[in-house]
Amino acid sequence: MKTFFFTFIVCLLNLPSTEIIGKYQIESEDSFDTLELRKDNTYEYKVRGKSFNSWMDITGSWILKDGVLILNHNYQYEEETIKYILKKEPASKGHNTFGVIDLYENPIPEFEVKYLCNNNVIIKKTNKKGIVKFKKCDLLKSGNSTIGIELKYVVNGKVVTETTSFNKNFEHVLLRINNSPKTIKSNRKYRFAYKNGSLKSIDFPYVKEMSSYKKL
């Protein structure tokens, strides 16, 4: 009988708390984030800062252990397909030069680059060293301070067209292209202290340190 009673108490202590289930809102003048903890141990955290650019939704599973709420977040992202690296090349004075390399830093020859300036388009291809050079165009008449380039490259079998701009005074840009970006799977754990029906962030990078949350 004593063994049964002890086992029953242990089971009760290990049951997930139902009191914590519900919706919470951050106590902040800079944002109105909300966190919803569901009965099935899933959650949805809505990041809602002043800037719309920072808004995002985070989902996953949650557990409550020793007064600490742990949010598990499984997510995936794709490696970047192109990276622009600005470099100074004194020898290229008077010209805008572009170097094109692959993920392993091997030069890519015969790569077409469209140079856009004052509605003019100049098309050239990289040489054996993966370099293409354009004479800097005169932008003083238009007052414009930028030039543009247009690129076409293949990513996982699909043709991608990309246009970007640079300040006219740049000297050399290295373009690193990843034709086969991988999908990276990752996991993060976020922690909140739970006490008397309220939450405080312990380890959560999307808010200020030790932000408080009230239950709605």
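**Salt bridges and nonpolar cores**

Asp30 is partly exposed, with 33% relative accessible area; on this scale buried means under 20%, exposed over 50% and partly exposed in between, using a 1.4 Å probe and protein chains only. The model is a predicted one, in which local features need pLDDT of at least 70 and side-chain atom pairs count only at pLDDT 80 or more, while totals for chains, interfaces and linings use all residues. Residues are numbered from 1 along each chain as its sequence is written, and side-chain values use heavy atoms, with hydrogens and water left out.

A salt bridge is taken as a side-chain nitrogen of Lys or Arg within 4 Å of a carboxyl oxygen of Asp or Glu, and 6 are counted by this rule. In one of them, Asp30 pairs with Lys208, with the closest N and O atoms 2.8 Å apart. The two residues are 178 residues apart: Asp30 is in the loop between strands S1 (22-26) and S2 (34-37), and Lys208 is in the loop between strands S15 (198-203) and S16 (212-215). Strands are DSSP runs (E, at least two residues), numbered from the N terminus. Lys208 is exposed, at 59% relative accessibility. Asp30 and Lys208 also belong to a salt-bridge network with Lys50.

The largest nonpolar core (buried Ala, Val, Leu, Ile, Met, Phe, Trp, Tyr and Cys residues joined through side-chain atoms within 4.5 Å) has 20 residues, including Phe98 and Ile149. Strands S7 (95-102), S8 (112-117), S10 (131-135), S11 (146-155) and S13 (172-177) each supply at least two residues of this core. S11 gives the most, with 5 residues. Another core, of 19 residues, lies apart from this one and includes Ile20 and Tyr213.

Terms used:
Helices (H or I, at least four residues) and strands (E, at least two) are DSSP runs, numbered from the N terminus.
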